[in-house]
Amino acid sequence: MAYETAESEEGRQAKVVAKMKDPTYENQFYLINGRVITPHRVITSGGIHVCGQHIKRVFAMAEADIPAEAETIDVRGAWIIPGLIDMHLHGGGGGDVMDGNTEALRAMAHTHARGGTTTITPTTLTSSTEELQAALDTFQRARKSVTDGARLLGVHLEGPYFSYEQRGAQDPRFIKNPDPAEYLEILDKYPFIIRVSAAPELPGALELGRELRKRGILAAMGHTDATYHQVLLALEAGYSHMTHLYSGMSGVRRVNCYRVAGAIESGLLLDEVTVEVIADGKHLPASLLRLIYKCKGADRIALCSDALRAAGMPEGMYSIGGGEERQILVEEGVAWLPDKSAFAGSVVTGSQLIKVMVELAGVPLQDAVKMATITPARILKVDDVMGSLDEGKFADITVLRDDFSVVRTIVAGKTVYDA
């Protein structure tokens, strides 16, 4: 027996040494004693084993089997949910993607990580071609160097191919119809563009949609005055998503005395279309949030912030985009055009979106989490590697208190925010 015990101890020590030689060993840890939301259930007392950049195991504490030498992080009953994915945001922490410098993107990544967001899709604004290319060049440089905040997944081009009537806060000087000579050059040069929003009723917009579909880029209808019939044509041409439903979008109107459904009604009616909503509690009231949820369900709704540089900053006047000539007013928890004639964007971050859907719209927590995680991941076609707490996916994890404040944000196994 003494020999067998010695052998067992030697074997145990050998395993420990082997683990320490494994490059992922230093990044192995266990989140324990949390309420874990998986795609299929809530584990009321569970945890996550993180190994390297990935999730190794999701478990109930009753069957945890954690090695004595393992690093553990006790979350003390907090919610453990997938890292939040924001597929439409312009800035945060004082930075805007149109600033054209790495520090602006770093400020965005840090600010949104503090809000529980692990993946962001920086979004451009309607601008000159020169300003746009400067922003895209900066993203290309910054993508690998900004690693201490939310992941920079890819770029969303919002504009310049928009309806003038539905322009909202977009710069009217640069709104135009799609031009293949322009957009083909941009799409060829910047393969990290993963989404484009355009008004599908414009001349040339259907050709743009077909080109985006061919390249595997998400084609979204946004800032659009389209009718139901034009939305159907857009679907056939490859458009599949609607940018911030209800905001910058046509509704029902009369044409020769007949009522014609607009983009809003089309988005609610058509199951083939996914939608995103700015769930900041300002852009849409509880009644409309509930209507969208009732019509589309959690599998077809993505929560987005549409956050500007003022997210995470004090209220006051800020510039929109890269220059100083266009200003917005941040007041009452939302960004306005200076004359308060319309909203210009939001100033919220990820966990606040979930809070609004649960507390204002009355959506179950599991569905609100789904709309901020696996649904945007599926829309962006990255649900094979992120968006849910599944074995083998990236260890993108957010830990939340009951009041939706963020305890910890983990990106690919690395803690980027710890309250």
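Colleague: What makes the strands with the order β11-β12-β13-β14-β17-β18 one open sheet of six strands with parallel pairing?

Modeller: Two strands count as a pair if DSSP finds at least two bridges between them, and β11 is joined to strand β12 (residues 193-198) by four bridges, the two running parallel, so this pair meets the definition. Within that pair, V155 stands opposite I193 in β12. Strands here are DSSP runs of E with at least two residues, helices are runs of H or I with at least four, and both are numbered from the N terminus. This is a predicted model, in which local features need pLDDT of at least 70 and side-chain atom pairs count only at pLDDT 80 or more, while totals for chains, interfaces and linings use all residues. Residues are numbered from 1 along each chain as its sequence is written, and side-chain values use heavy atoms, with hydrogens and water left out.

Colleague: Which strands of this sheet are called edge strands, and why?

Modeller: They are β11 (155-158) and β18 (301-304), each of which pairs on one side only. On average, neighbouring strands of the sheet are turned by 30° against each other, direction ignored, where the axes are lines fitted to C-alpha atoms (for helices over the stretch in contact) and angles run from 0 to 180 degrees between N-to-C directions.

Colleague: How do you know that β19 and β20 are paired, and in which sense?

Modeller: Strand β20 (residues 327-331) and β19 share four bridges in the antiparallel sense, with M317 having L329 as its bridge partner in β20. Both belong to an open sheet of four strands, ordered β19-β20-β21-β22, with antiparallel pairing. Because β19 (316-319) and β22 (343-345) each have a single partner strand, they stand at the edges, and one side of each has no neighbour in the sheet. Neighbouring strands in this sheet are turned by 45° against each other on average, again with direction ignored.

Colleague: What makes a space a pocket rather than a cavity?

Modeller: On a 1 Å grid over the protein atoms alone, a cavity is a set of points where a 1.4 Å probe fits but cannot get out, whereas a pocket is an open set with protein on both sides within 12 Å along at least five of seven lines, and lining residues have an atom within 4 Å of a point. The largest pocket has a volume of about 300 Å³, and of its 22 lining residues G168, A169, H223, S247 and F343 are the closest to its centre. Strand β22 gives the largest share of that lining, three residues.

Colleague: What is the volume of the second largest pocket, and which residues are the closest to its centre?

Modeller: Its volume is about 260 Å³, and among its 13 lining residues T147, R151, V411, A412 and K414 are the closest to the centre. At least two lining residues come from each of β10 (151-152) and β25 (414-418).

Colleague: How many cavities of 30 Å³ or more are there, and what lines the largest?

Modeller: There are four of them, and the largest holds about 80 Å³ of space. Its lining includes L132, G159, P160, Y161 and E182, and helix α4 (residues 180-189) gives the most, with four residues.

Colleague: What is unusual about the bond joining G159 and P160?

Modeller: That peptide bond is cis, with omega of about 10°, whereas most peptide bonds are trans. P160 lies in the loop between β11 and α4. Another local feature is D65, which is not a glycine and yet has a positive phi of about 55°; D65 sits in the loop between β3 (54-60) and β4 (72-74).

Colleague: Where does pLDDT stay under 50?

Modeller: With pLDDT being the predictor's confidence in each residue, from 0 to 100, the chain has a mean of 93, and 94% of its residues reach 70 or more. Residues 1-7 stay under 50 and have zero contacts beyond four places in sequence, a contact being heavy atoms within 4.5 Å. Where pLDDT is low, the predicted coordinates should not be read in detail.

How values were computed:
Grid points are joined across faces, edges and corners, and a volume is the space filled by probe spheres set on the points.
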